[in-house]
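Me: I would like to work through this one question at a time. Please start with the ground rules and a count of the elements.

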Amino acid sequence: MTSGAGQGGAGRPAGAAAERAGGLFITFEGIDGAGKSTHIAALAERLRSQGCEVVLTREPGGSVLAERLRELLLHEPMDALTEALLVFAARRDHLQRSIEPALARGAVVICDRFTDATFAYQGGGRGLDQRVLVRLEAWVQQGRQPDLTFWFDLPPAVAAERRAASRAPDRFEREDEAFFARVRQAYAQRAAAAPQRFVRIDATGTRDAVRAAVEAALAAHPIR
Ligand code: TYD
């Protein structure tokens, strides 16, 4: 396999991220309508007020190229494998240009969705073979994984009500409740497989309750 050595830390062995002093990679996940955005902004603000350099970013997106791929992903019809390939192409660029350099200089990177979303949406939602995703993940990430993942969990019906009150839906947000039930199930599987990095947040709570849960989980997490 080509390692891409010298480009933003590719080639690092699995698990090294959590051991390295400095940088911290935090991701937020959940079905559309879970309400991540407010809490991502609040966490970033809190960490900045403590003097941390915080890089706030998102997937798909986070670099010029990846943002262009995001537009295609959210609006152009395509099959599940094409979705996965574009998502990972965007991720590769994002990692190399933004995430890896930020972690290398000791920043906290907070990313709205990452590879767990690919397993949830393309794997669970679309039914794409997980082995394909496992392979793409290994090629693209070279062992890089989030140190901490907040999974905002709530029933698809509740999320659908929240989405109905917001802006025009994209290609994913237009999917039915059964799709989001599969996405949720796939998140649950990812969380069960990596309990040391996943924190499940009950996203049905009030905004204050969810915010308190995020802060408590961060304070209690061994990396902090
Ligand atoms: P989202 O992060 O919810 O952005 P916004 O809050 O602006 O709607 O939207 C991104 C969409 O992309 C979301 O529906 C999930 C989907 N997605 C995938 O299907 N696979 C992926 O790997 C990622 C990162 C996102």
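Reply: Helices (H or I, at least four residues) and strands (E, at least two) are DSSP runs, numbered from the N terminus. This is a predicted model: local features need pLDDT of at least 70, side-chain atom pairs count only at pLDDT 80 or more, and totals for chains, interfaces and linings use all residues. Residues are numbered from 1 along each chain as its sequence is written. The secondary structure of the protein chain comes to 9 helices and 5 strands.

Me: What is the phi of Gly127, the residue that comes after α5?

Reply: α5 covers residues 115-125, and Gly127 follows this helix. The sign of its phi is positive. The value is near 80 degrees.

Me: In what pattern do helices and strands follow each other along the sequence?

Reply: The pattern for the protein chain is read along the sequence, with α for a helix and β for a strand. The pattern has to hold 9 helices and 5 strands. It reads α-β-α-β-α-α-β-α-α-β-α-α-β-α.

Me: What percentage of the protein chain's residues is buried?

Reply: A residue is buried if 20 or more other C-beta atoms, placed from the backbone, lie within 10 Å of its own, exposed if 12 or fewer, and partly exposed in between. The protein chain has 224 residues. Of these, buried residues make up 41%.

Me: Among contacts between residues at least 6 apart in sequence, what percentage joins residues at least 24 apart?

Reply: Two residues are in contact if their C-beta atoms lie within 7 Å. The set to look at is the contacts in the protein chain between residues at least 6 apart in sequence. The part of that set joining residues at least 24 apart is 80%.

Me: Which helix gives the most residues to the shell around the ligand?

Reply: A residue is near a molecule if its C-beta atom lies within 6 Å of it. There are 13 residues around the ligand, and the closest are Glu59, Ala117, Thr118, Tyr121 and Phe172. The helix that gives the most to the shell provides 4 residues. This helix is α5.

Me: How many residues of α5 are buried, and which elements do they pack against?

Reply: The helix is mostly covered, with 11 of its 11 residues buried. One of these is Tyr121, which is also among the closest residues to the ligand. The buried residues of α5 pack against β1 (24-30), α4 (80-104), α6 (130-141), β4 (148-153) and α8.

Me: Are α4 and α6 roughly parallel or oblique to each other?

Reply: Axes are lines fitted to C-alpha atoms over the stretch in contact, with angles from 0 to 180 degrees between N-to-C directions. Under 35 degrees counts as roughly parallel, over 145 as roughly antiparallel, 65 to 115 as roughly perpendicular and the rest as oblique. The axes of α4 and α6 are 10 Å apart, at an angle of about 20 degrees. The two helices are therefore roughly parallel.

Me: How are α7 and α8 oriented to each other?

Reply: The axes of α7 (residues 156-164) and α8 (residues 177-193) come within 9 Å. They cross at roughly 120 degrees. The helices are therefore oblique.

Me: Which residues make that contact?

Reply: The α7 side is made up of Pro156, Ala157, Ala159 and Ala160. The α8 side is made up of Glu177, Phe180, Ala181 and Arg184.

Me: Is Leu73 buried or exposed?

Reply: Leu73 lies in α3 (residues 64-75). Setting aside neighbours within four places in sequence, Leu73 is in contact with Pro60, Glu83, Leu86 and Val87. Because 22 other C-beta atoms lie within 10 Å of it, Leu73 is buried.

Me: Is Ser37 buried or exposed?

Reply: Ser37 sits in α2 (residues 36-49), and its C-alpha atom is 7.7 Å from that of Asp112, 75 residues away along the chain. It has 11 other C-beta atoms within 10 Å, so Ser37 is exposed.

Me: What kind of peptide bond joins Glu59 and Pro60?

Reply: Most peptide bonds are trans. Pro60 is in the loop between β2 (54-58) and α3. With omega about -10 degrees, the bond from Glu59 to Pro60 is cis.

Me: What is the phi of Gln142?

Reply: Most residues other than glycine have a negative phi. Gln142, in the loop between α6 and β4, is not a glycine, yet its phi is positive. The value is about 50 degrees.
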